[in-house]
Amino acid sequence: MRRNRILLAVILLALVLLELYVNNVFTLILLLAGIFLPLASVLFSVFSRNGLSAELMVPAGLRRGDTAEIKTVFHNSSFFPVAAASGELTIHNTLTDTELTKSIRCPVSGRGSDEVQVFVEETETGQMYITLDNLSTRDLFGLVKFPSDHRLRRVVLVEPDHILTEVNVSEVRETEGESEKFSILEPGRDVSETFDVRPYVPGDDVRAVHWKLSAKTDDLVIRRFVKPINYSVVLLVELENATPSALEACVCYAANFSRGLLDTGIMHTFAWFDGGTDEYCSFNVSSYEDLDAAVFRLVCSAPHGEEDSSAKRFLMGGEQIGKNTTLLFVTTHAGTPEADELAVRCRTRIAAVGKRGLENADPALQMDKLPGRIGKVGTMTLNI
């Protein structure tokens, strides 16, 4: 802006000198135009500055790798046109901690609207915060700037890829949970324990009929099963600070492992530590609705530092660790003391995303090495 003012001053000085030396109608017109046009542009900006507003339009939801189309619509309620409406668009992904900043600018006609489109290609898994700030109006020659306090923020969720996952169970396992703790308030679906009984209603699953009790009462009676508080299969995700590609790969693998377990009929606990909210998140996944809720919360999480971790929180809890616990530990940092302790405390299989920490990992650990970039992944196989 300072450069524009200096340039205008130089041009006006040249026009004045030209008028003094030549002194004809043509040079006089040039001098008057050099004074009037910038002045008119500044006056238009003064009159229209309070009539400018903006609207931020973002996609409702995306899947990893999609192109996000972000529209900024400028509205001018003033009769005078806005020579240049400008702002700064910031796209920040809380999971991968990546940020993209773009400057936008466009003219807006009097009592009209104009839009600017920004395309973000190859979006990463995570929660994208899209912020529009530093909104301002400028005159046509860039001599004055009128900032506005107008600030907009929108959130877009980028879901992980769906990867076909095959789960191989190495031993006979109760697919309904095998929890050691059950809710005393809510029924569930664990067939190993009965919550209560009730009369049969048309449409009930006949497999839930309590045949012995029905024979005694001459009426069909349905068993309602208990709801496990902690399942014996635990999917633990470690979101320690790593490269953006490793973090989104870790989330993608974990989400698909959970879906693969559920497809096989294995209910499980899905847990991780969210460094953004300092919260240990734990979901009992017994349905696809539970899975969607867990993945939504996982995608909205942020990585954490080395001072805290999902493994530490899991070990501190204690109640989930038992002799029958099977732990699938998905991590971006394999060689840690916590990983060794997990292997001692319960049956643990580690899915190491990327190469970080592998040189320090115990060779005796059951470990699958997964690439730090998702790329073109076909079918994944999970052995538990």
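This briefing walks through a surface patch, a strand and the nonpolar cores of the structure above. Please keep in mind that the model is predicted. Two helices at the start of the chain, α1 (2-22) and α2 (25-48), each supply at least two residues of a nonpolar surface patch, while the largest nonpolar core holds 39 residues.

**Surface patch**
- Nine names to look for are L13, V16, L17, L18, L20, Y21, V22, F26 and L30, which together offer about 900 Å² of accessible area.
- Helix α1 is the main contributor to the patch, giving seven residues.
- Y21 belongs to helix α1, and Y21 counts as exposed because its relative accessibility is 72%, over the 50% cut-off.

**Strand β1**
- In β1 (residues 52-57), L52, A54 and L56 point to one face and are buried, whereas S53, E55 and M57 point to the other face and are not buried.
- Six bridges link β1 to strand β3 (residues 68-76) in the antiparallel sense.
- Within β3, N76 is the residue opposite L52.

**Nonpolar cores**
- In the largest core, the residues touching the most other members are L239, F257, F270 and V330.
- Elements giving two or more residues to this core include β14 (233-238), β15 (268-274) and α5 (288-299).
- Helix α4 gives the most to this core, with eleven residues.
- Beyond its neighbours within four places in sequence, L239 is in contact with residues including L95, L247, W272, F273 and L298.
- Another core, of 24 residues, lies apart from the largest one, and its members include A68, A85, V108 and L152.

Definitions and conventions. Residues are numbered from 1 along each chain as its sequence is written. This is a predicted model: local features need pLDDT of at least 70, side-chain atom pairs count only at pLDDT 80 or more; totals for chains, interfaces and linings use all residues. Side-chain values use heavy atoms; hydrogens and water are left out. Buried means under 20% relative accessible area, exposed over 50%, partly exposed in between (1.4 Å probe, protein chains only). Helices (H or I, at least four residues) and strands (E, at least two) are DSSP runs, numbered from the N terminus. Two strands pair if DSSP finds at least two bridges between them. Patches are made of residues with over 30% relative accessible area and no salt bridge: like charges are joined within 9 Å, nonpolar side chains (Val, Leu, Ile, Met, Phe, Trp, Tyr) within 5 Å. Accessible areas come from the Shrake-Rupley method with a 1.4 Å probe; for residues, only the protein chains shown count as cover. A salt bridge is a side-chain nitrogen of Lys or Arg within 4 Å of a carboxyl oxygen of Asp or Glu. A nonpolar core is a set of buried Ala, Val, Leu, Ile, Met, Phe, Trp, Tyr and Cys residues joined through side-chain atoms within 4.5 Å. Contact means heavy atoms within 4.5 Å.
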